[in-house]
Amino acid sequence: MTMNQRNTIDLDQGWDFMQRGITKLKAILEGQPEPQFSSEDYMMLYTTIYNMCTQKPPHDYSQQLYDKYREAFEEYITSTVLPSLREKHDEFMLRELVKRWLNHKIMVRWLSRFFYYLDRYFIARRSLPALKEVGLTCFRDLVYQELNVKVRDAVISLIDQEREGEHIDRALLKNILDIFVEIGMGQMDCYDKDFEEAMLNDTAAYYSRKASNWILEDSCPDYMLKAEECLRREKDRVAHYLHSSSEIKLLEKVQHELLTVYVTQLLEKEHSGCHALLRDDKVEDLSRMYRLFSKIPRGLEPVANIFKQHVTTEGTALVKQAEDAASTKKAEKRDAGIQEQVFVRNVIELHDKFMAYVNECFLNHTLFHKALKEAFEIFCNKGVAGSSSAELLATFCDNILKKGGSERLSDEAIEETLEKVVKLLAYISDKDLFAEFYRKKLARRLLFDKSANDEHERSILTKLKQQCGAQFTSKKEGMVTDLTLARENQASFEEYLGNNPNANPGIDLTVTVLTTGFWPSYKTFDLNLPSEMVKCVEVFREFYQTKTKHRKLTFIYSLGTCHINGKFDAKTIELIVTTSQAAALMLFNASDRLSYQEIVTQLNLSNDDVVRMLHSLSCAKYKILNKEPNTKTISPTDVFEFNSKFTDKMRRIKIPLPPVDEKKKVIEDVDKDRRYAIDASIVRIMKSRKVLGYQQLVAECVEQLIRMFKPDVKVIKKRIEDLITRDYLERDKDNPNLFKYLA
């Protein structure tokens, strides 16, 4: 097979030679016994084309060879490839197609090598499609266009068989779908339009049929298991044979048919829906519900709503249970307190339980945090049996923090419980009310040495500070610090007495010095003290003068305690009494009988205080004084004398004063503070805005104060009126709903 290089080669002669090479290539592809191309054969074919393209015109046959290159493919496809495909069906047709496509690509590779010179010069100069592209286009126009619908249907049918659990040849599908991708020559439009659209529609129809049966037969958990398994399998399908670009679209179809369409029916299934799963603590099913519903648009909202309803119902049930317990225990005062403690404990446990759901099942999603918060805000602000939640929480803390409280807990448990109480406080709208109750109880713990542990007292204040801000705790921190300073002060007072023996009043005296601004306000009165006590007060004042010049001491007798010895006929008993009780009893050292009026005059006290005090000494458990007439109430005409016959099996007894209702006072104080806070807020807002409408003013005022309490709009309105009369604001002359700031 040689040609004379110097002579001109004409077209027929040259093509004849090329045709022999092409025939040999086809024979190899058809699997006939044919030796492979040697490098000589290849060089001869390449050179022939080279020569035919570089001859002088009119013998430059580039254009004709370009056309013949294409015709070689067309002829082979029409005579051999298409007939072999048309006689086969279904899977056999798919196998044949894979084989033919593979062969076609080999043929393109070889022929484009033979004709390489065309690609380099002729095609480059004329901007024509490259040889490889021409070869692939032939297959697309002749084979793919005719068969793609049949191929697509065969593939989809196999996918559906696989969905029904049959075993199919996944590698075959992968090869077929690669043809859809490759035939696009760098574009995905053949795969997308000719295969994917139909496949997605079929998928939707397939799962729509399945779902309509499952939703009737299956419980919610079973249905979700199936849905999750289907999604897993579809993902697996993409990994094995579909193109990766199909994954999102495919899963969206499946999610739509299995989940979106049936959201409500699934969640509200009677014995197995979301409510039932929450009720029965089905943690795994709830986690699965979250996983599935988080994938569909707005799928989590209905789940979060049901969660919120469920939590609200459980919480409200606790409130009712506590109410019922309180009403049956009305007679037994002591138990009511325990009931309230149990209630707070239960609410904490409920919060722990549902917080675990939010963290574990619902992966900390904000929607569920919000649902939990809104639910707790609903029932945590209801209060129980006339006590607000703010008060209940403060009492609960008091019980944990005071010596001998009803809670016997380890240090770690106390820390943990305090942490949880502070979390609950976040849901309470009257944080200022909690603060005031807490401060009152803290004061009692500190002043009467009832606090179990300084560390815990400071620790909860740190937690409250983080939760509610520094101004929330500044006074309380001051109180705790005051006590430490007071102890040091007492120590140096004792040292002072040791160094000045003349100054010693002869009575053991402990004074706790406090800073006025930090502590709750206490009743002060000018009690006429017995001379022994007057001496004590003077000694302490002198000592305090040596420490500081600029501070004024006020003695709060209402908080004082005295230990005095009562010398009765039977035996001497130590009496633990308040300062005013002690002062009254000392009067009987000088007189046997005293009338009510004489006692009032000598002590210089108000009637209310005298009545409470005399009642505790003559009408209550311990009758230290005898009263005429012997009735249960104190009246201004009564006469009293020392009861020398009194005795008791104890050597030391404490004589309590009747309790005062502190709750009313706390609520009054808080209301007063709130009025000031609202005034300050309105003035602040108006000062910066100068002119503002009523609605906006109220809204901004609420927003500023909501961290501490939920201001009542009626009260805000009243405060605005008050500020107008005090010339801080004025109303606009034309628009009564518009206010101006008056500097």
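Two strands count as paired when DSSP finds at least two bridges between them. The model shown in these views is predicted.

**View 1. Strand β9 pairs with β7 and with β8.**
Strand β8 spans residues 729-731 and pairs with β9 in the antiparallel sense, over three bridges. Leu 729 stands opposite Tyr 741 of β9. A hairpin of six residues connects β8 to β9. Strand β7, residues 691-693, is also joined to β9 by three bridges, and the two run antiparallel. Here Leu 692 stands opposite Phe 739 in β9.

**View 2. Side chains alternate along strand β9.**
In a regular strand, side chains alternate between the two faces of the sheet. Strand β9 covers residues 738-741. Phe 739 and Tyr 741 point to one face and are buried. Leu 738 and Lys 740 point to the other face and are not buried. Of the buried pair, Phe 739 has Leu 692 opposite, and Tyr 741 has Leu 729 opposite.

**View 3. Strands β1, β2 and β6 make an open sheet.**
The order is β1-β2-β6, and the pairing is mixed. Strands β1 (561-567) and β6 (652-654) are the edges, each pairing on one side only. Neighbouring strands in this sheet are turned by 25° against each other on average, direction ignored. Seven bridges join β1 to β2 (residues 572-578), and these two run antiparallel. Gly 566 has Ile 573 of β2 as its bridge partner. Helix α23, residues 579-590, packs on the sheet and touches β1 and β2. The direction of α23 makes about 130° with that of β2.

**View 4. His 351 is in helix α15.**
Helix α15 runs over residues 333-361. Is His 351 buried or exposed? His 351 counts as buried because its relative accessibility is 5%, and the cut-off for buried is under 20%. A polar contact of 2.7 Å links the side chains of His 351 and Tyr 427. Residues up to four places away in sequence aside, His 351 touches Leu 372, Phe 376, Lys 423, Leu 424 and Tyr 427. One of these, Phe 376, is among the residues with the most contacts inside the largest nonpolar core.

**View 5. The largest nonpolar core has 110 residues.**
Nonpolar side chains tend to be buried together in soluble globular proteins. Residues with the most contacts inside this core are Leu 258, Phe 293, Phe 307, Phe 376, Phe 434 and Ile 682. What does Phe 434 contact, leaving aside its neighbours within four places in sequence? Phe 434 is in contact with Ala 390, Leu 393, Ala 394, Cys 397, Leu 425, Leu 464 and Phe 472. A second, separate core has 71 residues, including Leu 29, Phe 73, Phe 115 and Phe 195.

**View 6. The structure has zero disulfides.**
Why is Cys 190 not bonded to Cys 138? The closest cysteine sulfur to that of Cys 190 belongs to Cys 138, but it is 15 Å away, so the two are too far apart for a bond. A disulfide needs the two sulfur atoms within 2.5 Å. Cys 468 is in no disulfide either, with the nearest cysteine sulfur, that of Cys 397, 11 Å away. Both cysteines are buried: Cys 190 has a relative accessible area of 10%, and Cys 468 has a relative accessibility of 3%. Cys 397 also appears in View 5, as a contact of Phe 434.

Methods:
Residues are numbered from 1 along each chain as its sequence is written. This is a predicted model: local features need pLDDT of at least 70, side-chain atom pairs count only at pLDDT 80 or more; totals for chains, interfaces and linings use all residues. Side-chain values use heavy atoms; hydrogens and water are left out. Helices (H or I, at least four residues) and strands (E, at least two) are DSSP runs, numbered from the N terminus. Buried means under 20% relative accessible area, exposed over 50%, partly exposed in between (1.4 Å probe, protein chains only). A polar contact is a pair of N or O atoms within 3.5 Å; within protein, one must be able to donate a hydrogen and the other to accept it, and residues adjacent in sequence count only if both atoms are side-chain atoms. Contact means heavy atoms within 4.5 Å. A nonpolar core is a set of buried Ala, Val, Leu, Ile, Met, Phe, Trp, Tyr and Cys residues joined through side-chain atoms within 4.5 Å. Axes are lines fitted to C-alpha atoms, for helices over the stretch in contact, and angles run from 0 to 180 degrees between N-to-C directions.
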